[in-house]
Amino acid sequence: MTTAEIYELKLLACKVRTDILNSIHTAASGHIGGSMSAADVLVWLYYRQMNVDPSDPGMADRDRFVLSKGHAAPALYAVLAERGFFPVEELSTLRKLHSRLQGHPNMNLTPGIDMTTGSLGQGISAAAGLALSLKLTGKSSRVYALLGDGELQEGQVWEAFMFASHHKLSNLCILIDRNRLQIDGQTKDVMNISPVEKKLESFGLSVQRIDGHSFPELEKGFSWAETAENGPCAIVLDTVKGKGVSFMENNAGWHGKAPNDEEHALALLELEEQMRILKEEHYDSIA
Amino acid sequence: MTALRDSFGQALLALGAEHPDVVVLNADLASATKTSLFAKQFPERHFNCGIAEENMASIAAGLAAGGLSPFISGFAMFTAGRSFEQIRNNIGYPHLNVKICATHGGLSVGEDGASHQCCEDFALMRTIPGMTVVCPCDDAEARAAVRAAYELNGPVYLRFSRSSAPDMHSNPDFPFAIGKAEMLRNGYDVALIANGLMVSRAMEAAGMLAKQGISAAVWNFATIKPLDEDALKEISTTVRCIVTCEEHSIIGGLGEAVAAWIGENHPMPLSRIGVADVFGSSGKAEEVLSAYGLTSDHISEATAKLLHK
């Protein structure tokens, strides 16, 4: 990946974070912390990783994505819109009555959504079912599923991991957004899930842990995942909840809170500043 | 007499031979639910999920989203009961093409006792928007229901009682359609509206009532949802009262569905035969059914009482 390519991805992630901020502010409701932590991996998936076509969202041999942590829907909607699955302007209808952009993803309403999710622990099972269906029908497509780290407290997640290992679903790539926070506080205090990697490995998954905000690391992690042959693999993404807005970062209070007008303006200034710096650095790098 | 899980297992086997998109999942109950027949013939399309019913329901959602026609199987208690929220959110909400097949429904589970006697499944499944709910009464209807469920594009809940059921249909190719009730006996004093194993008991009760000079119609409402409103229109204009009969709680099942329609459209006296608001007990199936009021005697007594009010 060239410096220019990394710059493009960073710029996109910054745009996506601005979209998330604006749509949740307009809706006056939504889960901003976990959307911000997932923004970079979603940009990577939809711009660099997955075989998808915005003009043909139901393409038969597309790769599939399941947002098992469905409350990060604002991030997924922002990426899908920026990628051209539907107009960016539509993001302002988030969580509105009869909008295509429901509070949690709906596969029958929104172009580009492969699975309806929202109830934690279930998306990963559905993703395993999808991966199995692709194998049974002889397709070489892959399935990517993103889970929250708090979501690992749901027992069904481990049933799904067992199933995926048992059936050697090598076309399934499990992503864990390890931002270490959940509604009631730190995961280690609410219900400790550590050691995550060891637990995943003991369930038969091949595991790597990377910085979920670094595009070069995402490139490495996903290239490794593509080599999986014997069974499912998992990438634990070290992330920061609320990433990109200083006063939201690492603060459980921003799990499901919408910014008021003042907070929105402050956050927007920060993201604009990041965008300005990115452009400046890019200008320097090509100058 | 046929155990309906045998009918289910054989119908599934036949369906599998005709349709390569049929895949079957079970949760360590392949032999008990008779999906073992399918598993033996089509091992590459049968997946044991282990004792993990919730995962099984969501896995099926993924398989359906991938274009296959999954049938999940298990005991009613752990399929409709334990996995309710997975069925509601993963299958019902996205309206995915999953067939939820529950054997061992109702009190006739017998000796295993209340923990395994599911008398709440109609209620649970009926409340899910877009869900079809069917409880066949005999071998021919069970086979037809499995086939009809496959042909319907969307989620279907199929419930089979554990007890063996006498044949109510002499012609195995009788016309069966989901959502269409069937009149088994004509009558003008009372309509006995039943499903599952209560259909044969309602027929017996009608014979007993005839001896008392009471003319009882018997209707088989195998489909609880969508409710056959045309049949209810016909029934409500030809009889003076209705008795519903089901191997389910009187709360939330066929009885309440019929009562709600009658109350809103054509009020008339109505009585519900079913499991009162209590848990079951261990015992031989017939003993349990009798102790909890699910016999032809109970139906005929309730009818006489209703008519003489």
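Helices (H or I, at least four residues) and strands (E, at least two) are DSSP runs, numbered from the N terminus. The model you have in front of you is predicted: local features need pLDDT of at least 70, side-chain atom pairs count only at pLDDT 80 or more, and totals for chains, interfaces and linings use all residues. Residues are numbered from 1 along each chain as its sequence is written, while chains are lettered from A and ligands numbered from 1 in the order in which they are written.

**Exercise 1. Find the cis peptide bond that ends at B:Pro226, and place that proline in chain B.**

Step 1. Go to B:Lys225 and follow the bond to B:Pro226; this peptide bond is cis, with omega near 0°.
Step 2. Now look at the flanking elements: B:Pro226 sits in the loop that runs between strand S12 (223-225) and helix H10 (229-236) of chain B.
Step 3. For practice, turn to chain A, where A:Ser194 and A:Pro195 are joined by a cis peptide bond with omega about -5°. A:Pro195 belongs to the loop between helix H6 (187-190) and helix H7 (196-202) of chain A.

**Exercise 2. Describe the overall build of chain A.**

Step 1. Take the elements: chain A has 9 helices and 7 strands.
Step 2. Check the radius of gyration (taken over C-alpha atoms; the globule rule is 2.2 Å times the number of residues to the power 0.38). For chain A it is 18 Å, close to the 19 Å that the rule gives for 287 residues, so chain A is as compact as a globular protein of that length.
Step 3. Add the burial: 51% of the 287 residues of chain A count as buried (20 or more other C-beta atoms within 10 Å of a residue's own; 12 or fewer is exposed, in between is partly exposed; C-beta atoms are placed from the backbone).

**Exercise 3. Work out how H4(A) and H5(A) pack.**

Step 1. Start with the axes, which are lines fitted to C-alpha atoms, for helices over the stretch in contact, with angles from 0 to 180 degrees between N-to-C directions. Those of H4 (residues 123-136) and H5 (residues 155-166) of chain A come within 8 Å and cross at roughly 20°.
Step 2. Name the arrangement: that angle makes H4(A) roughly parallel to H5(A) (under 35 degrees; over 145 is roughly antiparallel, 65 to 115 roughly perpendicular and the rest oblique).
Step 3. List the residues in contact (C-beta atoms, placed from the backbone, within 7 Å). H4(A) brings A:Ile124, A:Ser125 and A:Ala128, and among those from H5(A) are A:Val157 and A:Phe163.

**Exercise 4. Show which helix gives the most to the side of chain A that touches chain B.**

Step 1. Count the contact: 24 residues come from chain A and 22 residues from chain B.
Step 2. Look for contributors: H4 and H5 of chain A each supply at least two residues of this side.
Step 3. Pick the leader: H4(A) gives the most, with 10 residues.

**Exercise 5. Compare the settings of two residues with positive phi, A:Lys168 and B:His104.**

Step 1. A:Lys168, not a glycine, has phi near 50°; its place is the loop between H5 and strand S3 (172-178) of chain A. With 15 other C-beta atoms within 10 Å, A:Lys168 is partly exposed.
Step 2. B:His104 has a phi of about 55° and is part of strand S5 (residues 99-105) of chain B. B:His104 is buried, with 26 other C-beta atoms within 10 Å.

Note on methods:
Contact = placed C-beta atoms within 7 Å.
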